[in-house]
Amino acid sequence: MPDRFDLPVDFRWGAATAAYQIEGAVEEDGRGPSVWDAFCARPGAVRDGHTGAVACDHYHRYPEDIELMKGLGLDGYRFSIAWPRVLPTGGGAVNPAGLAFYDRLVDALLEAGITPLPTLFHWDLPQALEDEGGWLDRDTAYRFAEYTGVVADRLGDRVPAWITLNEPFVHTVFGYALGTHAPGRTLMFEALPAAHHQLLGHGLAASLLHERGLEVMLSNNLTPVEPASGSAEDAAAAAAYDALHNRLFTDPVLLGRYPDLSALGVPDDIFGAVRPGDLDLIHTPGLDGLGLNFYNPTRVAAPTEPGLPFDLVGIPDVPHTAFGWPVVPDALTRLLVGLRDTYGKALPPVTITENGCSVTEETVPDQPRIDYLAAHLDALARAAAEGVDVRGYYTWSLLDNFEWAEGLFSQRFGLVHVDFETQKRTPRASYAWYRDLIAAHRKRSAR
Ligand code: FCB
């Protein structure tokens, strides 16, 4: 059995999912519509017209899914809470039936010996808030804090640590700049107030959680950015992209300031969104952990046409996942060591809150996923050996699920295969591999 991943003895093993990607039951028990329900209804928005209306039907089948988690021997399970289940119109009246679902889920997880790690916002904004401007509207940050208070009051007695946001970069850029994800806005850099308001929401929620004695993390999608050549132009393009993808979401939280965004043509106050005092609210010196969602590095060249200040170029000569994402495990070591070097003492302990690889085929043998996970765990262990404080690893994902704009069938990320017609779950080869890996690490740690 794999015994070579030299990770800390109290390292935590987990798996991750998100509400809209697995729950289904979108019209049940008083859940309000989310931006993803509306986006899926747009012709052509999602591959094959798929939606998350049923997805893995986890809302009803969660006991079976917890059995699968138990079978893996997970320490923790990262899931997200659907804001529109709890507050169907985003704020105001609480929906007791929606809250009760998470209550049952948390109790069942604890009963199985698995620590719940909820994410408060994994992209399914209540549509009623989108109708008021969504994350472009400052008030959404305050509604997010209100929602955080409601769920923390209900679950905080049993849930020790919370993730505020999932990947504000991806949500801002795909959802508000490019329009390939909900809510489907195409504002290019003028989308960035949505980033600021998410970060403000994070800051407000973090204070509320800390006041209740709870731990707080933020999950960012980070990517090491490499210039395509040694030229000064490529280096400048890489720096501009790094500011947008990485620093915009980590500098304000860890250092209390935004990076220089002038190369993107974005003013210091992010088009008037940043008000005096906001950075003090966003800065979270007591952040208990940085959640890192890692999939691949990014290679960047100087632009060949006017428009964006960078071109994203491919990384040839490496394997690619079914999604077409380059597989470069060393980049994870570089990223982690780079974060430590950049942020020093301001960097909290890191937990990998997503990492995984999609396969297109329906099949249960999934050696490419095993290879991907093994190589990334090796890369993580190398970062740990270099002194980076890494605390846990939550693989994406427990189950095949609704992969956003890619729909249900084309990108399968699960350790467990899901037949979306019958809802039959079939553990893949990677499931047994991960189970044995966790057991081997535990055994070694107990010695
Ligand atoms: C991440 C998302 C997650 C999943 C993976 C593949 O960006 O956070 O929901 O879709 O990508």
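In what follows, Ala, Val, Leu, Ile, Met, Phe, Trp, Tyr, Cys and Pro count as nonpolar, Asp, Glu, Lys and Arg as charged, and the others, Gly among them, as polar. The structure is a predicted model.

**Exercise 1. Determine which residues surround the ligand, and how they divide by class.**

Step 1. A residue enters the shell if one of its heavy atoms lies within 4 Å of the ligand. With this cut-off, the ligand is surrounded by Gln 21, His 122, Trp 123, Asn 166, Glu 167, Tyr 295, Glu 354, Trp 396, Glu 403, Trp 404 and Phe 413.

Step 2. Sorting this shell by the classes above gives 5 nonpolar, 3 polar and 3 charged residues.

**Exercise 2. Find how far polar side-chain atoms of His 122, Glu 167 and Glu 354 lie from oxygen atoms of the ligand, and state how much of the ligand the protein buries.**

Step 1. For Glu 167, an N or O atom of the side chain is 2.5 Å from a ligand oxygen, while for His 122 the separation between a polar side-chain atom and an oxygen of the ligand is 2.8 Å.

Step 2. For Glu 354, the distance from a side-chain N or O atom to an oxygen atom of the ligand is 2.9 Å.

Step 3. The ligand taken alone exposes 300 Å², and 96% of that area is buried by the protein.

**Exercise 3. Identify the pocket that the ligand occupies, and describe its volume and its lining.**

Step 1. The ligand takes up the space of the largest pocket, whose volume is about 1,000 Å³.

Step 2. The lining of this pocket comprises 43 residues, and those closest to the pocket centre are Phe 169, Val 170, Phe 174, Tyr 241 and His 245.

Step 3. At least two lining residues come from each of helix H8 (168–178), helix H10 (232–255), strand S8 (298–301) and strand S9 (311–313), and H8 supplies the largest share, with 6 residues.

Step 4. Counted by class, the lining of the largest pocket holds 27 nonpolar, 10 polar and 6 charged residues.

**Exercise 4. Describe the second largest pocket by volume, lining residues and class.**

Step 1. The second largest pocket has a volume of about 390 Å³, and among its 16 lining residues Arg 12, Ala 161, Glu 215, Thr 351 and Arg 391 lie nearest the centre.

Step 2. Strand S3 (115–121), strand S5 (215–221) and strand S11 (390–396) are the elements that give two or more residues to this lining.

Step 3. By class, the lining of the second largest pocket consists of 7 nonpolar, 4 polar and 5 charged residues.

Definitions and conventions:
Residues are numbered from 1 along each chain as its sequence is written. This is a predicted model: local features need pLDDT of at least 70, side-chain atom pairs count only at pLDDT 80 or more; totals for chains, interfaces and linings use all residues. Side-chain values use heavy atoms; hydrogens and water are left out. A polar contact is a pair of N or O atoms within 3.5 Å; within protein, one must be able to donate a hydrogen and the other to accept it, and residues adjacent in sequence count only if both atoms are side-chain atoms. Accessible areas come from the Shrake-Rupley method with a 1.4 Å probe; for residues, only the protein chains shown count as cover. On a 1 Å grid over the protein atoms alone, a cavity is a set of points where a 1.4 Å probe fits but cannot get out, and a pocket is an open set with protein on both sides within 12 Å along at least five of seven lines; lining residues have an atom within 4 Å of a point. A molecule sits in a cavity or pocket if more than half of its atoms lie within 2 Å of its grid points. Grid points are joined across faces, edges and corners, and a volume is the space filled by probe spheres set on the points. Helices (H or I, at least four residues) and strands (E, at least two) are DSSP runs, numbered from the N terminus.
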